[in-house]
Amino acid sequence: MLDTAFLSPYTDIILCVVSFVVAWMSYPMVLGFARKWNVVDNPDARKLHRNPVPVLGGVSVFIGLVVGVSIMLMLFYQRSLLVMLLAMGALLVVGFTDDKYGLPIWMRFLLEILVVMAMIVFNGNMIDNFYGLFGLHAIPTYVALPLSVFTGVGIINAINLIDGVDGYSCGYISITCLSFSVIFYYSQIYTLFSLCLICACSVVPFFLHNVFGVKSKMFIGDGGTLMLGTLMVVLAFSMLRTGSMCETLGSYNISLVALCLAELALPVIDTLRVMTRRMVNGMSPFKPDKTHLHHLFIDLNFPHFIAGFICILLNVVVMVTWLVSWIMGAEANIQFAVVCVSMVLVDPILYNVLRYHERHNTCLYHQIRRFAGQMNPETTRFWKWMNHWIDNELY
């Protein structure tokens with residue numbers, strides 16, 4: 001199978017370096033384009049920034065990713081990679097259009113559904129196997145197809161909705177791609193292993209500018225989050241399709257569904273909590289507000305970067321919890337239950353407990369705010385040096 005086409009470590013290193021350099025070099029051009037054509041995110045009561053910020057960071061990430069994957073395609077052609085690039089590009093355009101002109105919710109969802117369905121049709125990858133969870137293995141297409149479309153669109157929008165503080169969405173994507181790369185390496189799916197490394201490296205230049213930049217700061221934008229969400233869908237579907245080489249991990253008693261859910265834990269549970277709360281309060285589930293987990297940490301006086309870092313760390317906690325359950329020999333159903341309980345603990349329960357202390361103005365609330373106020377990395381010498389390097393040396 002072409003999935004098992006193995007690139008030497010030296011080739012992978014070259015691909016990663018090339019993707020990083022291309023994404024880095026393309027960033028100033030994308031930034032200039034965004035400024036020239038006024039593709040910016042303007043502040044409002046719901047948003048955390050106070051000045052207009054260019055919002056095309058996802059384009060520089062995509063350029064680095066395209067160059068790296070294109071080199072892979074020249075080494076060995078694989079249609080699934082080409083379909084993936086086209087799908088990611090399509091949603092990048094959708095997100096760009098939404099950022100610049102605004103799109104009706106129904107139109108954006110329709111386009112997302114069409115892209116996910118196109119990936120299923122042309123690649124044949126969808127969630128059609130539970131690999132023993134609840135005693136289920138392969139499931140019929142008439143169940144797998146709507147389940148996959150619903151899940152795919154859900155993942156794409158979950159990634160989109162975590163983009164609220166500096167470094168969060170791109171940091172999460174980098175960490176998740178690296179952890180997925182380990183899974184695909186041990187499953188001997190070397191093309192996806194290389195793809196994950198390329199994506200992780202393509203995101204780094206944007207991360208540096210987004211976190212440390214002032215004059216060079218850009219947001220990743222809806223285009224970037226929808227595009228990277230599409231990549232997460234590709235990785236998830238590649239794990240959970242019938243015949244996936246990841247099923248070899250089943251011989252080690254690994255529940256693929258639990259593992260995949262652990263990877264996507266915080267974006268998924270945070271989106272479910274926020275949308276459920278909106279509907280319970282009689283609002284549209286798509287009405288923007290400030291009830292995401294990262295908004296809570298900002299309200300508790302944490303700096304933006306620290307708030308995003310805590311959210312990423314909570315997702316890592318869920319992944320480690322799954323890992324511990326597997327090491328202890330838990331069966332598939334128990335692994336899945338452990339992941340679900342962990343997700344509820346790190347988001348809905350944590351969110352509501354901290355909001356309770358905030359509402360009641362407790363001693364713990366004030367202690368957390370004092371502690372958070374002391375965690376400002378922007379006052380450190382390293383942060384100031386990075387800010388000077390990013391903004392003054394490069395621009």
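Which residues have the most contacts inside the largest nonpolar core? Keep that in mind as we walk through this predicted model.

**Start with the whole chain.** Show it as a cartoon and you will find 15 helices and two strands. The radius of gyration is 21 Å, close to the 21 Å that the globule rule gives for 395 residues, so the chain is as compact as a globular protein of that length. Along its principal axes, the C-alpha trace spans about 50 × 45 × 40 Å. Colour by burial next: buried residues make up 55% of the 395.

**Now the core.** Select Phe184, Met232, Met239 and Phe297: these have the most contacts inside the largest nonpolar core, which has 118 residues. Then highlight helix α8, residues 221–240, which gives the most to this core, with twelve residues.

Zoom in on Phe184. Leaving aside residues up to four places away in sequence, Phe184 touches Ile189, Leu192, Phe193, Cys196, Leu235, Ser238, Met239 and Cys246. For a second, separate core, select Leu208, Val211, Phe212 and Trp383, which are among its seven residues.

**Last stop, a pocket.** The second largest pocket holds about 880 Å³ of space. To find its centre, select Phe150, Thr151, Gly154, Val268 and Leu272, the closest to that point of the 31 residues in the lining. Show α5 (141–161) as well, since nine residues of the lining come from this helix, the most of any. Other helices supplying at least two residues each include α4 (105–123), α10 (265–280) and α13 (332–359). Colour the lining by residue type to see 26 nonpolar residues, five polar and no charged.

How values were computed
Residues numbered from 1 in each chain as written. Predicted model: local features only at pLDDT ≥ 70, side-chain atom pairs only at ≥ 80, totals over all residues. Heavy atoms only, no water. Core = buried A, V, L, I, M, F, W, Y, C linked by side-chain atoms within 4.5 Å. Buried < 20%, exposed > 50% of the residue type's maximum accessible area, 1.4 Å probe, protein only. Helix = DSSP H or I, 4+ residues; strand = E, 2+ residues; numbered from the N terminus. Contact = heavy atoms within 4.5 Å. 1 Å grid on protein atoms, 1.4 Å probe; cavity = no way out; pocket = protein on both sides within 12 Å on 5 of 7 lines; lining within 4 Å. Points joined across faces, edges and corners; volume = space filled by probe spheres on them. Nonpolar A, V, L, I, M, F, W, Y, C, P; charged D, E, K, R; others polar. Rg over C-alpha atoms; globule rule 2.2 N^0.38 Å.
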